[in-house]
Amino acid sequence: MAVTSRRAGAGGGDVTAMALPSAGRSKQDIREKVWEHLEASGLAEFPRPVRGRIPNFKARKTLLVPTPRLRTGLFNRIVPPPGATKEMLRRCATSQGVRDYSVPVGLDGKARVDLVVVGSVAVSEKGWRIGKGEGYADMEYAMMVSMGAVQEDTPVVTIVHDCQVLDIAEELLGDHDLTVDYILTPTRTIQTNCKRPKPQGIMWHKVSSEMLGKIPILKTLRCREKQAGKDVTLQDEHPALADTNRAAISDKKVMPANPQPRAAPGSAPVREPHVESNPGNPKSEGSDPITAVYVGNLPGSLRVSQLKSALRELQVAPVALKWQGAQHRAFLDYRDQGAALRAVSCLQGLSLGGNALRVELARSQRNKGQGEINSHK
């Protein structure tokens, strides 16, 4: 799925139409006036000057693409380099280009989506769509609704081959399934005039705990909707399923007394982090010891702001972050071991910039400033 969003700023906002009375003007008069306006306003793009050409003008839309399997959030905003050529723009639209030329957009990004483009395995002329069966496109749309990024009249388009346009029985569709308004094929443009309602938000009773664990941003949305007073009971939390799952759930909740953190496979044993007393630091003397989490395998192109954004999205923001981008790692300080362990759990399997992060409790030494760093060299 890809979406286009309104973009503010120079060359990106709504521009009032140029006043140009047609009476008494020739075609060439109109051309000259348009060329002059595009040049004077700075809207014209390469090649310049624009006179004598079909104008290229500055983009009015921003391309947003969903993060793979929603691992690190919902959207990434494509940011082509200045003066990007057509070839570079094509590269930006690839999976590698998304990693190299995009920035994450959080739930508070206030994106307004004008057009949604979604992939399909099959689609009917009535607008009924079948995806690849994992439900990510339906979930992405539902999340955009919850964010206020799409409205009821936001058009949804799919691009398929003619052979993928089939008759689909309506009974195959669920109330969570996304329908489409337009179908583009190599030979046709089909307006479906679909009357079937699109999802009006996340249907939590169809979301499993397993899916919630796979899509960290869902946890944040669920928390927000719960605070807003909405019913966010999950599929396997409903009373009908409670008895079936209670035994398995209770087994998983049995924890040994005074649990100790485990080191990652192949690493040295984890020791309780040591924090030296600092009378000027309210987090040290007289408070719980700080527990540090090591985050490694950070991509060289990653910015500290992007890591912070991902941590906020997952609701595991630390009290302090020690950034060591040159060494492709960072250390996250948490007020207690429980918060640190929750962060490790949430960050396991997270991918940023195409790299799967290595996350574990940091192994500390008593020498301040060197212990954690030396133990992860």
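Which strands does helix 8 lie across, and at about what angle does it run to strand 12? Hello everyone, let's start there. Helix 8 lies across strand 12 and strand 13, and runs at about 145 degrees to strand 12. Helices here are DSSP runs of H or I with at least four residues, strands are runs of E with at least two, and both are numbered from the N terminus. Axes are lines fitted to C-alpha atoms, for helices over the stretch in contact, and angles run from 0 to 180 degrees between N-to-C directions.

A word on the model: it is predicted, with local features needing pLDDT of at least 70 and side-chain atom pairs counting only at pLDDT 80 or more, while totals for chains, interfaces and linings use all residues. Residues are numbered from 1 along each chain as its sequence is written, and side-chain values use heavy atoms, with hydrogens and water left out.

Now the sheet itself. It is open, has four strands in the order 12-13-11-16, and pairs antiparallel; two strands pair if DSSP finds at least two bridges between them. Strand 12 and strand 16 (358-361) are the edges, each with a single partner strand, so one side of each has no neighbour in the sheet. From one strand to the next, the twist averages 15 degrees. Strand 11 (residues 291-296) is joined to strand 16 by four bridges, and Val-295 stands opposite Val-359 in strand 16. Helix 9 also packs on the sheet: it touches strand 11, strand 13 and strand 16, and its direction makes about 160 degrees with that of strand 16. Contact means heavy atoms within 4.5 Å.

Back to helix 8, residues 304-313. Its buried residues are Gln-306, Leu-307, Ser-309, Ala-310, Leu-311 and Glu-313. Buried is under 20% relative accessible area, exposed is over 50%, and partly exposed is in between, using a 1.4 Å probe and protein chains only. Their cover includes strand 4 (102-105), helix 6 (216-227) and helix 9 (337-347). Just after helix 8, Gln-315 has a positive phi of about 60 degrees.

Two more positive phi values, please. His-328, in the loop between strand 12 and strand 13, has phi near 60 degrees and is partly exposed at 36%. Asn-193, in the loop between strand 10 (189-191) and helix 5 (209-214), has phi near 55 degrees and counts as exposed at 51% relative accessibility.

Last, helix 4 (residues 136-147) packs with helix 6 at an angle of about 40 degrees, their axes 12 Å apart. Met-139, Met-143 and Ser-146 of helix 4 meet Ile-217, Leu-218, Leu-221 and Glu-225 of helix 6. Thanks, everyone!
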